[in-house]
Amino acid sequence: GGIGVWLVHRYGHSVLIPGSLADEILWALPDGVALVDAHGRIRRANPALLRLAARPREELEGLRLETLFEAPTPALGAPLEVTARLLRPLAASIRVGVGASTLHDRRGNELGRVVVLRDLREVDSMRERLVTAARMAAVGELAAGIAHEINNPIAFVRSNLSQLRGHWKTLRSELEGVEEKRALRDLVTDGDALIELIAAGVSRRVP
């Protein structure tokens, strides 16, 4: 009993927490978790971290934490999560969010750190999809604006072309009686064809 009281006083209550309960908590977490000692070596790693790092447990546990990341090593210990590239031996590195919390005993001595790694690939993929969707929306708005600017003058031409067609019909009826002016008759025929061709062209609106 005296030894138990001394252990609680010296190291805190953590020594009395059953190891199986700590393992169940670590194993249930979706993010990678590493228990790192005061010398920076990984002592425990949950299955999520093994999957992220693409390493077996016997290889991962015992490594220095900084060897998992591309240089520069993330500055751990800050209150905010930092980002880093996690190295994977047989696969491409991935971007992860890294947070850490220092463990102390009741006397304030540092026991190590709990380091949490969050997979950011899904976040990056969602960001890329949002950026692509925003770009497509911007292109659609630009295309609609261009179509509007094109259709406006076309509508103006169509309106005036209708009036021109009426004037041309009147002029043609006046020239039909001039039999000796064959050149004028040919010009009227060509004018009819041109007016109809222009009318057909401006009727094709920009979508």
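Five strands build an open sheet in this predicted model, and their order is β2-β1-β5-β4-β3. The pairing is antiparallel. β2 (42–45) and β3 (82–88) stand at the edges. Each has a single partner strand, so one side of each is left without a neighbour in the sheet. From one strand to the next, the twist averages 35°. Strands of a sheet pair through backbone hydrogen bonds, either parallel or antiparallel.

Take the sheet pair by pair, beginning at the β2 edge. Three bridges join β1 to β2, and the two strands run antiparallel. Val36 stands opposite Ile42 in β2. The two strands form a hairpin with four residues between them. Within this hairpin, Gly40 takes a positive phi near 85°.

Arg41 also belongs to this connection, as its place is in the loop between β1 and β2. How exposed is Arg41, by relative accessible area? The value is 33%, which makes Arg41 partly exposed. Beyond its neighbours within four places in sequence, Arg41 is in contact with Leu35, Val36, Gly62, Leu63 and Arg64. Thr67 lies 26 residues from Arg41 along the chain. The C-alpha atoms of Arg41 and Thr67 are separated by 9.8 Å.

The next pair is β1 with β5. Six bridges join these strands, which run antiparallel. Val33 stands opposite Val116 in β5. Val116 is also the bridge partner of Gly99.

That second partner leads to β4. Strand β4 covers residues 91–104, and strand β5 covers residues 110–119. Nine bridges join them, again in the antiparallel sense. His104 has Glu110 in β5 as its bridge partner. β4 and β5 form a hairpin with five residues between them. In the turn, Gly108 has a positive phi of about 90°.

The last pair reaches the other edge. β3 and β4 are antiparallel and share six bridges. Leu86 stands opposite Ile94 in β4. Two residues link β3 to β4 in a hairpin.

Now turn to the packing. In a regular strand the side chains alternate between the two faces of the sheet. The largest nonpolar core has 20 residues. Which residues have the most contacts inside this core? They are Ile42, Leu60, Phe69, Leu86 and Leu117. The elements that give two or more residues to the core are β1 (32–37), β2, α3 (47–53), β3, β4 and β5.

Ile42 deserves a closer look. Within the sheet, Ile42 in β2 stands opposite Val36. Leaving aside neighbours within four places in sequence, Ile42 is in contact with Ala34, Leu35 and Val36. The same list for Ile42 includes Leu60, Glu61, Gly62, Leu63, Leu65 and Leu68. Leu60 is another of the residues with the most contacts inside the core.

Follow the chain onward from β2. Asn46 is found in the loop between β2 and α3. Is Asn46 buried or exposed? At 0% relative accessibility, Asn46 counts as buried. The side chain of Asn46 reaches the backbone oxygen of Asp31 at 3.0 Å. Asp31 also appears among the contacts of Asn46 beyond four places in sequence. The others are Leu26, Trp27, Leu29, Gly32 and Val33.

Past α3, the chain enters another loop. Ala54 is found there, between α3 and α4 (57–60). Ala54 has a phi near 55°, a positive value in a residue other than glycine. With a relative accessible area of 34%, Ala54 is partly exposed.

How far can the coordinates be trusted? The protein averages a pLDDT of 76, and 70% of the residues score at least 70. Over residues 1–5 the pLDDT is below 50. This stretch has zero contacts in the model beyond near neighbours in sequence. Residues 13–18 also stay under 50 in pLDDT. For residues 13–18, the model has three contacts beyond four places in sequence. Where pLDDT is low, the predicted coordinates should not be read in detail.

Definitions and conventions. Residues numbered from 1 in each chain as written. Predicted model: local features only at pLDDT ≥ 70, side-chain atom pairs only at ≥ 80, totals over all residues. Heavy atoms only, no water. Pairing = 2+ DSSP bridges. Axes fitted to C-alpha atoms, helices over the stretch in contact; angles between N-to-C directions. pLDDT = per-residue confidence, 0-100. Contact = heavy atoms within 4.5 Å. Core = buried A, V, L, I, M, F, W, Y, C linked by side-chain atoms within 4.5 Å. Buried < 20%, exposed > 50% of the residue type's maximum accessible area, 1.4 Å probe, protein only. Polar contact = N/O pair within 3.5 Å; in protein donor to acceptor, adjacent residues only side chain to side chain.
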